[in-house]
Amino acid sequence: MRERRQTARMLCSALVQGLALVLCLANLGCRLPSTQPRICRHCTNSIGRSKVVISQVIQDTAQQTLTHPFRSTGQFIRGTVRNTCTMTYDVIGKRVVIPLLSSPPPLQHDRPKLCRQQLEKALQKKRTGKLHPAHLQLIFDGGASLQKLEALIDSAQRNINVLMYLWDSDAIGWSLARRLARQAKIMAKGCSDAITVRVVVDGGGNLFHSAPGNKADSAVNGVVVWLSNQPHVRVIRGRNAFAQFDHRKLVLVDEQIAWSGGRNFTLSSFFEYRDLSYTVRGPILAELRATFARAWKRSGGKSLPKISTCDCTEEPVQANASARLIGTDPPIRDFKAALLTAVNHARHHIYLENPYLINGELIYRLIQARRRGVDVRVILSENAQSSLIDRAAKPIINRLRRAGIRVFIYPGSTHAKAASVDGRWAYIGTGNFDSLSMNRNYEVGLSISSGAVIQQLEQSLFQQDMRPEWEVIHPVSTNILDHFSEMMACLLL
């Protein structure tokens, strides 16, 4: 009873604080004020952290609604419609239509592959962005990814811009923070008021996933709070209006090269989980800078300085791929559009690897592809770091197998977010294959339409993880709690 009263008081306080900002917002020219991450003094358990997240969501929603009422109303309506469509696919598509389908046909060895020209036309109709020549480097090993990231930070000459979902106060988090602080001083070159490192840290990432209950209060947001107090560094908290979270992991160095992928700034991301990072060079960097600029401004940061001509010049990129920037940046959702479009055009094979294959529409499209004679294989995780997902995966695995889709379980935790279609199209990025990433949260990734990196992705990730001993060849036993977990996961995730 006491906990309920405390929670009610906290929620009421959050509402009052949000409404109290009306006059301040009116004087800011319709721009949200920026806020810095704070050490959570009441976050010694999951209940305390949940209270803080709820309080932030209420305040951020109130402030955004008051600042941009028409945009917020439209965003809420569009989100409601998309959630309804997602639930329709989950209820009708997965649970009614799919069980009525006949057995899938056998695979033909001489089946063709998709036509790149037709897929490109379809992607253009979906307005999924411009195709650019790019130089991509895929990094599968966590240690190599960390070394590359550290080298990029140390090589920075002008600025470093960071978007990060989860930044833990562990050895990796502190090491990267100190490295950024040191490089910020070097890039400032004695100019006392220069800001050379800009960081947007999501307001809920650390509270959701880091600092178990037995850690001290200072472990929650401790590293980002320390970084925010360093000279020439500006750290702001990403706002979570309408319970939307910034799930992106992106580091931009000197407008010349970007590091991204599935890895957060945590020890487990680099040395425990199976994951994929990449670096990219080329004209697509301008769009990535615009992506960071929107996130910075949406979180209350001032407009980024304009880039001079000399800052933009670089040696011509030796492209090894053609790629377009895609993501989820509501109301833009071209990650979902690109992925579903590629799946619909598949004729030979579809490979997916991700622990969160939850989205009902994607599952329905995968089953339709298998019925067209496409070899569909998915790699899931034995430990998704979520008991809800682990339970929900069991009925999903059985549903996929009954539809003729081959399922592999990575022993341990895979955090990779990757897809390949017919060896002629691929996706890599931060977005999971759930409705959160496709509809609500902020994500960034690459839609790759050609290049040797697609074959490298298939050989170094998918073929490595589709081992015979990891394939599910028998139905998985389930109970009522597993099916209930799947329903909850589809509604919440």
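Here is a chat between a student and a tutor about a predicted model of a protein chain.

Student: Let's start wide. How many helices and strands are there, and what share of the residues counts as buried?

Tutor: The chain has 18 helices and 15 strands. Of its 493 residues, 56% count as buried. As for contacts with a separation of 6 or more, 84% come from residues 24 or more positions apart.

Student: Why is proline 133 called partly exposed?

Tutor: Its relative accessible area is 45%. Buried needs a value under 20% and exposed a value over 50%, so a residue in between is partly exposed. Proline 133 therefore gets that label at 45%.

Student: Where does proline 133 sit, and what does it touch?

Tutor: Proline 133 belongs to strand E1, residues 132–139. Skipping residues up to four places away in sequence, proline 133 touches Arg281, Gly282, Pro283, Ala319 and Ala321. Take Ala319: the two residues are 186 apart along the chain, yet their C-alpha atoms are separated by 5.5 Å.

Student: What makes arginine 399 buried?

Tutor: The relative accessible area of arginine 399 is 10%. The cut-off for buried is under 20%, so arginine 399 qualifies. You'll find arginine 399 in helix H15, residues 387–402.

Student: Which side chain does the side chain of arginine 399 make a polar contact with, and what makes it count as one?

Tutor: The partner is the side chain of glutamate 486, at 2.6 Å. The limit for a pair of N or O atoms is 3.5 Å, so a distance of 2.6 Å falls inside it.

Student: Glutamate 486 is in H18, right? Which residues of H18 are buried?

Tutor: Glu486 is one of them, along with Asp482, Ser485, Ala489 and Cys490.

Student: How do you know that they are on the same side of H18?

Tutor: Those buried residues cover an arc of only 135° around the axis, so they lie on the same side of H18. On the other side, Ile480, Leu491 and Leu492 are exposed.

Student: What is the span of H18 set against the expected one?

Tutor: H18 runs over residues 480–492, 13 residues, and reaches 18 Å from its first C-alpha to its last. The expected span is 1.5 Å times one less than the number of residues, and for H18 that gives 18 Å, so the helix comes out close to expectation.

Student: What caps the N-terminal end of H18?

Tutor: Asparagine 479 does, with a side-chain oxygen 3.1 Å from the backbone nitrogen of leucine 481.

Student: Why is H13 described as largely enclosed by the rest of the structure?

Tutor: Count its residues: 10 of the 12 are buried, so the description fits. Among the buried ones are Phe335, Leu339, Leu340 and Val343. H13 covers residues 334–345 and reaches 16 Å, close to the 16 Å expected.

Student: What makes strand E11 mostly covered?

Tutor: Seven of its seven residues are buried, from 375 to 381. Asp375, Arg377, Ile379 and Ser381 point one way, Val376, Val378 and Leu380 the other way, and all are buried. In a regular strand the side chains alternate between the two faces of the sheet.

Student: How do you know that E10 and E11 pair?

Tutor: At least two bridges are needed, and five join E10 (residues 349–353) to E11, so they pair. The two strands run parallel. Leucine 352 has valine 378 in E11 as its bridge partner.

Student: Which residues is leucine 366 in contact with, and which core residues touch the most other members?

Tutor: Beyond its neighbours within four places in sequence, leucine 366 contacts Val343, Ile350, Leu352, Leu357, Val376, Val378 and Ile405. In the largest nonpolar core, of 44 residues, Ile350, Leu357, Leu362, Leu366, Trp425 and Phe433 touch the most other members. Another core, of 41 residues, lies apart from it and includes Leu252 and Met466.

Student: Trp425 is in E14. What makes both faces of E14 covered?

Tutor: Trp425, Tyr427 and Gly429 on one side and Ala426 and Ile428 on the other are all buried. E14 pairs with E13 in the antiparallel sense over four bridges, and serine 420 stands opposite alanine 426. Four bridges also join E14 to E15, again antiparallel.

Technical notes:
Residues numbered from 1 in each chain as written. Predicted model: local features only at pLDDT ≥ 70, side-chain atom pairs only at ≥ 80, totals over all residues. Heavy atoms only, no water. Core = buried A, V, L, I, M, F, W, Y, C linked by side-chain atoms within 4.5 Å. Buried < 20%, exposed > 50% of the residue type's maximum accessible area, 1.4 Å probe, protein only. Contact = heavy atoms within 4.5 Å. Arc of directions from axis to C-beta. Polar contact = N/O pair within 3.5 Å; in protein donor to acceptor, adjacent residues only side chain to side chain.
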